[in-house]
Amino acid sequence: WEQGKPYLDRIVLQNIAGSVVGLQRLRTGELDLIPTLTATDIIPLRGAKDIKLDKAPANRWYSLQWQVDTPPFNNPLLRQAIAHAIDRKKLVDIVMAGQAPISDSPTPEGLWWQSPEVKSYEYDPAKAKELLKQAGYPNGVTIPLASPQRTPDTQIAEVVQDQLKAVGITANLEPVSQAESYPRVARRQINFTPMNWTQRPDPDGLFRILFYTGAAQNTTGYSNKEVDELLDKARALTDMQARKPLYTKAQQIMIK
């Protein structure tokens, strides 16, 4: 409808399980466009004469999530042990070919509510082993880890499984289809899993649905009265500079 823009009779969107199939269809001409590719996906496309690669900043945030109100992850020492056991730089190097920045919070770099004061748990396998003992698992522990069959979640689960094994945590991978993954998470039938969300134009749009007590997409069971109060206060303000420290404090609490 904009002057000079090309007119299309229709656009067909297909939900394809896995980038391998999507890439094959792109190369054979069955698809015209794939909107999201990982760093490893683009390797075979480099140099292809009939395919154009457009690079753009992304705001997708990848994480691991669990139900903090359900055993065994209602044990904060176990959660901290897992956090210290994960080498996020190596994870990015393997899964994203080193092309993704490492975030210390649900807020990636470049957004006005991101703060350098917010720091996550550093990679420290020795500390992870000690925390595992303090958590009541001196001989290690076995946990299920859902492995959604989509890129890059499957790879994330495999790398995390390997890293946890190094500190005495056995993560049994449980494959789950792309179509069933989030519905099962929402029904709280999956406890521990890779997860990803895109950012919203305002932090209230993401923090409110994920971390506010009883929120619609709060599938982790997270509930903290102080965080609720900080999000309520920040929502009522229009001054970005006045809101930023409230979100900083909220993220520090959530990460801890």
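This section describes the nonpolar cores, one enclosed helix, selected residues and the salt bridges of a predicted model.

The largest nonpolar core comprises 27 residues, and those with the most contacts inside it are Ile82, Ile143, Leu164, Ile169 and Phe192. Two or more residues of this core are supplied by each of helix 2 (76-85), helix 3 (88-95), helix 4 (125-134), strand 2 (141-148), helix 5 (153-165) and strand 3 (169-176), and the largest share, five residues, comes from helix 5. The surroundings of Ile169 illustrate how these parts of the chain meet: with its neighbours within four places in sequence left aside, Ile169 is in contact with Ile82, Leu132, Val141, Ile143 and Leu164. A second core, separate from the one just described, holds 24 residues, among them Leu206, Phe211, Val227 and Leu246. In soluble globular proteins, nonpolar side chains tend to be buried together.

Helix 7 (residues 204-211) is largely enclosed by the rest of the structure, because six of its eight residues are buried. These buried residues are Asp204, Leu206, Phe207, Arg208, Leu210 and Phe211, and they pack against strand 1 (60-65), strand 4 (193-198), helix 8 (225-235) and helix 9. Of the residues in helix 7, Leu206 and Phe211 are included in the second core.

Helix 9 (residues 240-255) contains Arg243 and also Leu246. Leu246 has a relative accessibility of 12% and therefore counts as buried, the cut-off for this class being under 20%. When residues up to four places away in sequence are not counted, Leu246 touches Leu230, Lys233, Ala234 and Leu237. Although Leu246 and Ala234 are separated by 12 residues in sequence, their C-alpha atoms are 6.2 Å apart in space.

Arg243 is likewise classed as buried, because its relative accessible area is 7%. The side chain of Arg243 makes a polar contact, at 2.7 Å, with the side chain of Asp202. Beyond the neighbours within four places in sequence, the residues in contact with Arg243 are Trp112, Asp202, Asp204, Ala234, Leu237 and Thr238; of these, Asp204 is one of the buried residues of helix 7. Ala234 and Leu237 appear among the contacts of Arg243 and also among those of Leu246.

Nine salt bridges are counted in the model, and three of them are described here in terms of the exposure of their partners. Arg150 and Asp153 are joined through their side chains, with an N to O distance of 2.6 Å, and both residues are buried. In the salt bridge between Asp54 and Lys52, by contrast, the closest N and O atoms are 3.9 Å apart, and both partners are exposed. A further salt bridge links Glu180 with Arg187, for which the closest N and O atoms are 3.4 Å apart. Glu180 is partly exposed because its relative accessible area is 36%, and Arg187 is partly exposed as well, with a relative accessible area of 47%.

Nonpolar side chains are also found at the surface, where Leu8, Ile11 and Leu13 form a patch with about 390 Å² of accessible area together. Within this patch, Leu13 belongs to the segment before helix 1 (19-28). Leu13 has a relative accessibility of 78% and so counts as exposed, since this class requires a value over 50%.

Notes:
Residues are numbered from 1 along each chain as its sequence is written. This is a predicted model: local features need pLDDT of at least 70, side-chain atom pairs count only at pLDDT 80 or more; totals for chains, interfaces and linings use all residues. Side-chain values use heavy atoms; hydrogens and water are left out. Patches are made of residues with over 30% relative accessible area and no salt bridge: like charges are joined within 9 Å, nonpolar side chains (Val, Leu, Ile, Met, Phe, Trp, Tyr) within 5 Å. Accessible areas come from the Shrake-Rupley method with a 1.4 Å probe; for residues, only the protein chains shown count as cover. A salt bridge is a side-chain nitrogen of Lys or Arg within 4 Å of a carboxyl oxygen of Asp or Glu. Helices (H or I, at least four residues) and strands (E, at least two) are DSSP runs, numbered from the N terminus. Buried means under 20% relative accessible area, exposed over 50%, partly exposed in between (1.4 Å probe, protein chains only). A polar contact is a pair of N or O atoms within 3.5 Å; within protein, one must be able to donate a hydrogen and the other to accept it, and residues adjacent in sequence count only if both atoms are side-chain atoms. Contact means heavy atoms within 4.5 Å. A nonpolar core is a set of buried Ala, Val, Leu, Ile, Met, Phe, Trp, Tyr and Cys residues joined through side-chain atoms within 4.5 Å.
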